[in-house]
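Here's a quick tour of a protein structure, aimed at anyone just starting out. Take a look at the sequence and the 3D view, then read on.

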Amino acid sequence: MSQSKHPEIKTPLPGPKAQAILERDKAVLSTSYVRPYPFVPARGEGVWLEDVDGNRFLDLMAGIAVNTTGYAHPRVLEAVSEQAARFQHLCFSDFSSEPQVSLAERLNKLSGGGFRVYFGNSGTEAVEAAIKVVRYHTHRPYILAFTGAFHGRTLGSLALTSSNSKYRKGFAPLLPGVVHVPYPHPYRPPFGASPDEVGQVILDYVKHLFRTKLPPEEVGAIFFEPIQGEGGYIVPPKGFFNELSELARRYGILMVADEVQAGSGRTGRFLASEYDGLDPDIVLLAKGMGSGYPISAILFKEELSSWPPGAHGTTFGGNPVAAAASMATLDLLEEGLMANAASVGARLMDGFRSLQAEFPRLGDVRGRGLMIGLDFVKDPQTREEDAELRDEVARRAFEKGLLTLPAGPSTLRLSPPLIISEAEADLALELMGEVFKSF
Ligand SMILES: Cc1ncc(COP(=O)(O)O)c(C=O)c1O
């Protein structure tokens, strides 16, 4: 596929081949799969994806913030094929090997050092492992998390997830002892707070809980997303997590930074927690760390590593081919992709803020680096969420050859591959501008 400079839509969407696959999909696949719009990929190159009917799309979602290096990056392909030719699997839970040890050393260094590393295959596995580390180390029964959070959908992580009750419906009882507090959302502050006071109001609420029903000495950990992902790409007020960490330390509560979506360079730094100088006890990575190869990692402080051999493990976790893809990804991040995420991300945010003037129902533009949320409202004064408008924007963007994804009640998330160029970002802005004008 040529490195085209423009999306190209040649058929009605979905085209005939996509339609045929979607019909077969509907007949055989689990009804739990979501299909926000009918896109069926055939191949990709750079930030461009071609569907099975030969239509070409500019990818602004990277398979939910996963394809850090885009499609078919030669350095990732080389690393993967080299490792696959050596050996593809030997169960890292039982047998050590060099690719994963190198990756653990590298992740440790990139995250500030002092950690031990456990590998899984997915974000939810990282969360499950973290819950077990917390339980084993603290013996405490409670965990604090945030409403709007997404930490996964297996039964342990699901107890922490609260971005949408549909994820939980029908699956109770979940892991006991999880208490949620509202996330400090500056655009839609809870408890009637103003954007400036929202952080303090939530901190006061946590203290109130500690006084009235939740003994802080029995809370093992606070799980948090440094920028909330699935909840709507929400950036918390500066300093909020520093103060929460200080409060947690007072009671020996561990801080677990779920960087599954925001980490791996997406915000312009390796960890989104770095922006506030946070020093979490446990860091969770997945999604973007492997450029599409399934791998996750939990990094936990040396002093938390008291569990014995066999206490936790998995057959596939830390697969060497995925580890090689991850090493190549980290090389590319350090060689310039993190810097690119910061600069192209700022360019996109500025562009969308200019478009807001012409389309005020784009109520909020927020994010960091290439983690950008566009929040749609019925009225910019009331800020009432407009899910229908958001979905229609996504649909019209798709018709124009742009791939985006919904998040939260009324947000469209943009999380393109970190290789996106300024010209490609400008093209995305131009096309989204046309979408907004069409209303
Ligand atoms: C912050 C966060 N944590 C955990 C997960 C779960 O990851 P996975 O879907 O790989 O299980 C996600 C997925 O969206 C996420 O965004």
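A polar contact here is a pair of N or O atoms within 3.5 Å. With that cut-off in mind, look at Thr-124: one of its backbone N or O atoms lies 2.8 Å from an oxygen atom of the ligand. Keep in mind that this is a predicted model. Below you'll find the ligand site, two sheets, and a few backbone oddities.

**Around the ligand**

- Thr-124 has company, since a polar backbone atom of Gly-123 is 2.8 Å from an oxygen atom of the ligand.
- Gln-261 joins in with its side chain: a polar atom there lies 2.8 Å from an oxygen atom of the ligand.
- On its own the ligand would expose 390 Å², and the protein buries 83% of that.
- Which residues sit around the ligand? They are Ser-122, Gly-123, Thr-124, Phe-150, His-151, Gly-152, Glu-225, Asp-258, Val-260, Gln-261 and Lys-287.
- Sorted by character, this shell has 2 nonpolar, 6 polar and 3 charged residues.

**The sheet of 7 strands**

- Strands of a sheet pair through backbone hydrogen bonds, and they can do so parallel or antiparallel.
- This open sheet follows the order E4-E10-E9-E8-E7-E5-E6, and its pairing is mixed.
- Strand E4 (115-120) and E6 are the edge strands, each pairing on one side only.
- From one strand to the next, the twist averages 20°.
- Helix H4 (residues 98-110) packs on this sheet and touches E4, strand E9 (282-285) and strand E10 (296-301), with its direction at about 130° to that of E4.
- Now zoom in on strand E5 (residues 142-147), which runs parallel to strand E6 (residues 178-182) and is joined to it by 5 bridges. In this pair, Phe-146 stands opposite Val-181 in E6.
- E5 also runs parallel to strand E7 (residues 219-224), joined by 3 bridges. Here Leu-144 stands opposite Ile-222 in E7.
- E7 in turn is linked by 4 bridges to strand E8 (residues 254-258), again in parallel. The bridge partner of Phe-224 in E8 is Ala-257.
- Helix H7 (residues 198-212) packs on the sheet too, touching E5, E6 and E7, and its direction makes about 150° with that of E6.

**The sheet of 4 strands**

- In what order do the strands of this open sheet come? The order is E11-E12-E15-E14, and the pairing is antiparallel.
- Strand E11 (362-368) and strand E14 (405-407) are at the edges with a single partner strand each, so one side of each has no neighbour in the sheet.
- Neighbouring strands are turned by 30° against each other on average, ignoring direction.
- E11 pairs with strand E12 (residues 371-376) in the antiparallel sense over 6 bridges. Arg-366 is opposite Gly-373 in E12.
- Helix H9 (residues 320-358) lies across E11, E12 and strand E15 (411-414), running at about 170° to E11.

**Backbone oddities**

- Most peptide bonds are trans, and most residues other than glycine have a negative phi.
- Leu-13 and Pro-14 are joined by a cis peptide bond, with omega about -5°. Pro-14 belongs to the segment before helix H1 (16-28).
- Another cis peptide bond links Ala-172 and Pro-173, with omega about 0°. You'll find Pro-173 in the loop between helix H6 (155-160) and E6.
- Ala-65 isn't a glycine, yet its phi is positive, near 60°. It is found in helix H2 (residues 62-65).

Terms used
Residues are numbered from 1 along each chain as its sequence is written. This is a predicted model: local features need pLDDT of at least 70, side-chain atom pairs count only at pLDDT 80 or more; totals for chains, interfaces and linings use all residues. Side-chain values use heavy atoms; hydrogens and water are left out. Two strands pair if DSSP finds at least two bridges between them. Helices (H or I, at least four residues) and strands (E, at least two) are DSSP runs, numbered from the N terminus. Axes are lines fitted to C-alpha atoms, for helices over the stretch in contact, and angles run from 0 to 180 degrees between N-to-C directions. Contact means heavy atoms within 4.5 Å. A residue is near a molecule or strand if one of its heavy atoms lies within 4 Å of it. A polar contact is a pair of N or O atoms within 3.5 Å; within protein, one must be able to donate a hydrogen and the other to accept it, and residues adjacent in sequence count only if both atoms are side-chain atoms. Accessible areas come from the Shrake-Rupley method with a 1.4 Å probe; for residues, only the protein chains shown count as cover. Ala, Val, Leu, Ile, Met, Phe, Trp, Tyr, Cys and Pro count as nonpolar, Asp, Glu, Lys and Arg as charged, and the others, Gly among them, as polar.
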